[in-house]
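Subject: Structure for you to look at

Dear colleague,

Here is the structure I said I would pass on. My notes on it follow below.

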Amino acid sequence: MIRSILLATALLATAAPASIAMPPQAIDAAALHGRLEGPFELQSRVYPGTVRRYWVYVPAGYDPKRPPNLLLFQDGQRATNPKGSLKVPAVLDALIAQGAIPQTLGVFVTPGNRSAHYPDTLGMQNPDHRVEEYDALSDAYARMTLDELLPAVAQRWRFSADPKRRAAGGTSSGAIASWTLAWRHPEAFGDVISFIGSYTSIGLALGADGQPLTYGGDIYPGLIRKSPIRPLRVFLQDGREDLDNEHGNWFLANQQMLTSLEWANAHADAEKRAGPRYDVGHAWTGGGHSDAEGGAILPEVLRWIWRDQPAGAQARSS
């Protein structure tokens, strides 16, 4: 049975839901119970000539004998920004300390940049290889993640191999990159957090004859309806005032994603088909193409993603 969450705009206007004792967004990253390590650099064989940065949030009480959950978040430079809208390490830290979610290792990775080393001057800007990685529907980004990034992280920190305990998340093109990763590899990631997802034609390239050379994310609703259901838990957020441009209409695209996931479940039920169903939550908010509203509900989204997993004893005693 599909589960949907529709959060009122009035609730989203607050820093965090009332159930969070201390709004994670208000926490100074320097005061983390755990620690944020990095940035580290990763050269890629999948994307030759590119380099990316990543950071690792290690929760307090981390025990390699009890591998924690994994949250992989795209656009890591913004996800870890202590002055940004997301502040994902601080959100994880607060929820783990409260015992609201299980122990979780956070990995925050930037897109690639075409350079020998990641430029210090980029700040919060997008590196120059983002579209090729995040908006492509190929398996390349998944191969970089599964064959290069996560093994590099695993050299120092262990994390769960159970896809139900592994979430990929992001905003905008980082959201569709997270979806593509889980869609192609549900054996590796069973959970997706998608804020203002770019399920539009950004990745579409036309040849001289006007025929598609590559496709964009706007074909996902059709793929979802005509493909076997993956065992995925997905949360979609988008604002009603999101972008409308040559690539598509973001809000309509996210609604199409939701209705396609719901249709796939209903169709499988009607045919009495055995197998998995999509577990979907969503929040349609009032804003535009911004991380702010996703950041405001991130604590509750993480609770929802791992709602059936008890927090560890170490987290409860933190």
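Does K87 count as buried or exposed? At 12% relative accessibility, K87 counts as buried. Please keep in mind throughout that this is a predicted model.

Backbone around K87

K87 is found in the loop between α2 and α3. The phi of K87 is positive, about 50°, although K87 is not a glycine. A second residue of this kind is D75, again not a glycine, with a positive phi of about 50°. D75 lies in the loop between β3 (69-74) and α2 (76-79). With a relative accessibility of 2%, D75 counts as buried, since the cut-off for that class is under 20%.

The helix that comes after the loop of K87 is α3, residues 88-98. Of its 11 residues, 10 are buried, so α3 is largely enclosed by the rest of the structure. The buried ones are V88, P89, A90, V91, L92, D93, A94, L95, I96 and A97. D93 is listed among them, so you may want to look at its surroundings on screen. After α3 comes G99, and its phi is positive as well, near 75°.

One more backbone feature is the peptide bond that joins G38 and P39: it is cis, with omega at about 10°. P39 has its place in strand β1.

Overall figures

The protein chain has 10 helices and 13 strands. It consists of 318 residues, and 55% of them count as buried. Among the contacts in the chain with a separation of 6 or more, 76% are between residues 24 or more positions apart. The chain exposes about 13200 Å², and carbon and sulfur atoms supply 55% of that area.

Aromatic pairs

How many aromatic pairs does the structure hold? There are eight aromatic pairs. I describe two of them here.

One is F40 with W157: the ring centres are 6.2 Å apart and the planes stand at 55°, so the pair is tilted. An angle of over 60 degrees would be needed for edge-to-face, and one under 30 for stacked. F40 lies in strand β1 (residues 35-43), while W157 is in the loop between α5 (140-154) and β6 (166-171), so the pair ties together parts that are 117 residues apart in sequence. F40, at 22% relative accessibility, counts as partly exposed, whereas W157, at 4%, counts as buried. F40 and W157 also form one aromatic cluster with Y54.

The other is F235 with W304. Here the ring centres are 5.7 Å apart and the planes are at 70°, so the pair is edge-to-face. F235 belongs to strand β10 (residues 233-239) and W304 to helix α9 (residues 292-305), so this pair ties together parts 69 residues apart in sequence. F235 is buried at 1% relative accessibility, and W304 is buried with a relative accessible area of 8%.

W183 and its contacts

W183 is found in helix α6 (residues 173-184). With a relative accessible area of 6%, W183 is buried. Which residues does W183 touch, not counting those up to four places away in sequence? They are Y220, L223, I224, S227, R230, L232 and Y278. For L232, the C-alpha to C-alpha distance to W183 is 8.0 Å, and the two residues are 49 apart in sequence.

The largest pocket

The largest pocket has a volume of about 310 Å³. Lined by 16 residues, it has K164, G190, P231, L232 and R233 as the closest to its centre. L232 is thus one of the residues closest to the pocket centre and is also touched by W183. By type, the lining divides into seven nonpolar residues, two polar and seven charged.

Regards

Key
Residues numbered from 1 in each chain as written. Predicted model: local features only at pLDDT ≥ 70, side-chain atom pairs only at ≥ 80, totals over all residues. Heavy atoms only, no water. 1 Å grid on protein atoms, 1.4 Å probe; cavity = no way out; pocket = protein on both sides within 12 Å on 5 of 7 lines; lining within 4 Å. Points joined across faces, edges and corners; volume = space filled by probe spheres on them. Nonpolar A, V, L, I, M, F, W, Y, C, P; charged D, E, K, R; others polar. Helix = DSSP H or I, 4+ residues; strand = E, 2+ residues; numbered from the N terminus. Buried < 20%, exposed > 50% of the residue type's maximum accessible area, 1.4 Å probe, protein only. Contact = heavy atoms within 4.5 Å. Areas by Shrake-Rupley, 256 points an atom, 1.4 Å probe, with all protein chains shown as cover. Phe/Tyr/Trp six-rings, centres within 6.5 Å; stacked < 30°, edge-to-face > 60°.
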